[in-house]
Each structure stands twice: as structure tokens, then as C-alpha cells.
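Reader: I would like a close look at one part of this model. Please take a single helix together with its surroundings, and then say how far the coordinates can be trusted.

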Amino acid sequence: MWNSLSIPSSSLHTWDPNSTYIDEPPYLKDMTMDPLGPRAVKDAYCLLNFGDSIATDHISPAGSILKDIPAEKYLLELGVHPKDVNSYGTCCGNDEVMVRCTFANIHLVNKLLNGEVGPKTIHIPTGEKLSAFDAAMRYKAVGQDTIVLAGAEYRSGNSRDWAAKGPMLLGVKAAIAKSLVRIHRSNLVDEPDELDDEQYDKSCCLQVELTYFNHGSYDI
């Protein structure tokens, strides 16, 4: 049976544009041998503002893809039957699905929503409550940088690759945390920046009072 399968003659993988399981990753399309280097992040809106102990599962959840989140809506629009929507793990090779799963954990608590639990945030320019994905796409559409604020132990838990790739594809340019766990300090190339207590308090106060992150240029 396996020997009868049709095999493309190309030495490169032929991507199926209709596949909901594997897709050509966009972060490799324009990659060059010479990295572009650091760039300035200026006048960036805060996409999400978290407290302590945000785990990789909060950033990129595991388990079944839930109803009414952008990932499920995307798959249904492609004609996938609701019973075939499947799980985050089975779709981890498709960036269009996984970016819509980023920050989709139902247990997230975002300070921009005053303690409300769920995978939502505020699109600051309009005041609308949106999913993290929809808000991020609004910002990206107008070329607006975004950041994530977090407390202590940001990215705790296992070393999940989509906890790094997802925010990047959402357009998040920096994660500013009070502290992060050792495994991510050593494994990731562009680390979130740790702040001491005074710097962290100033960043959070700036966000709460001005609803706009405007701290000059920040090189990452």
C-alpha cells in the first residue's frame, strides 16, 4: 500500500494549501543567512497585561480546540466539520491555526479586563473587548507595535515552542516580565526582559494610567 502512494519528484516538500494540519511556516519564508539584528520598539500598545505565574500553557494551550475561539471559527470557515476540529497538538504544524490559539487559554486573567477570566483583551484605541488574536490583527493591520506585560515567573512550565512562535506571529515585539524561569532564559534567543521591582511598578503604572506604552525606543 505504501509503495503505491504517489510521491512528488521535487526534492522540496510540496505544501498543500488546503491542509489544516501542516502549512509552510511564515517565519522561515524570508529568513536569510545574516540576521537582521535588533530593532527599536516605540509607542507600542499593551496587548495583554498579566500577573504572576503565566505558564506556557496559558500562552499556547493544550487539549481540544474550544468552541467560539478564533481557531475553531477559522477551521469551520474552511469547511471542517465541528466534530473534526480536533486538538491544539494535532494542528501544531499549521501556523494559521496555532496563531489563533495563542493566548486562548480560558483561565487567563488579563489586567486590562479588571480581573475578568477568559481569553480576551481590550483593543486600546477603540476600547473594544476582543480575542487576543483579533486585537493583535487590528494592531498589525495599521503597523502598530505591541508588547506583553507580565509578573514573576513568566513562561513557567514546559518549553513549548508555540509559546514563543505564537506571540511573535501575533506581532508582539517584546515581553516585559518581573522574572522568567531559568529554562527560557537559557533556551530562547530573544528573551523577555526582566525588571526589578521599581522598574516593574513603573511599567505597570504607566500602562494603567495612560493605557499606552510610550517609553521611547526600546532595542531588542
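Author: The model is predicted, and the part chosen here is helix α2, which spans residues 70–77. Pro70, Ala71, Glu72, Tyr74 and Leu75 of this helix are buried. Three elements receive these buried residues: α3 (95–101), β4 (128–131) and α4 (132–141). Just after the helix, Gly79 adopts a positive phi of about 95°.

Further along the chain, Asp84 and Lys83 form a salt bridge, with 3.4 Å between the closest N and O atoms. Lys83 is exposed, at 66% relative accessible area, whereas Asp84 is partly exposed, at 39%.

Strand β4, one of the packing partners of α2, also takes part in a salt bridge: the side chains of Lys129 and Glu116 meet with an N to O distance of 3.0 Å. Because Lys129 lies in β4 and Glu116 in the loop between α3 and β3 (120–123), the pair ties together parts that are 13 residues apart in sequence. Both ends count as partly exposed, Lys129 at 46% relative accessibility and Glu116 at 32%. The structure holds 5 salt bridges.

As for confidence, the chain has a mean pLDDT of 80, and 82% of its residues reach 70 or more. Among the elements, α4, another partner of α2, has the highest mean pLDDT, 96, while strand β8 (residues 217–219) has the lowest, 38. Over residues 202–220 the pLDDT is below 50, although this stretch has 41 contacts in the model beyond near neighbours in sequence. Where pLDDT is low, predicted coordinates should not be read in detail.

Key:
Residues numbered from 1 in each chain as written. Heavy atoms only, no water. Buried < 20%, exposed > 50% of the residue type's maximum accessible area, 1.4 Å probe, protein only. Helix = DSSP H or I, 4+ residues; strand = E, 2+ residues; numbered from the N terminus. Contact = heavy atoms within 4.5 Å. pLDDT = per-residue confidence, 0-100. Salt bridge = Lys/Arg side-chain N within 4 Å of Asp/Glu carboxyl O.
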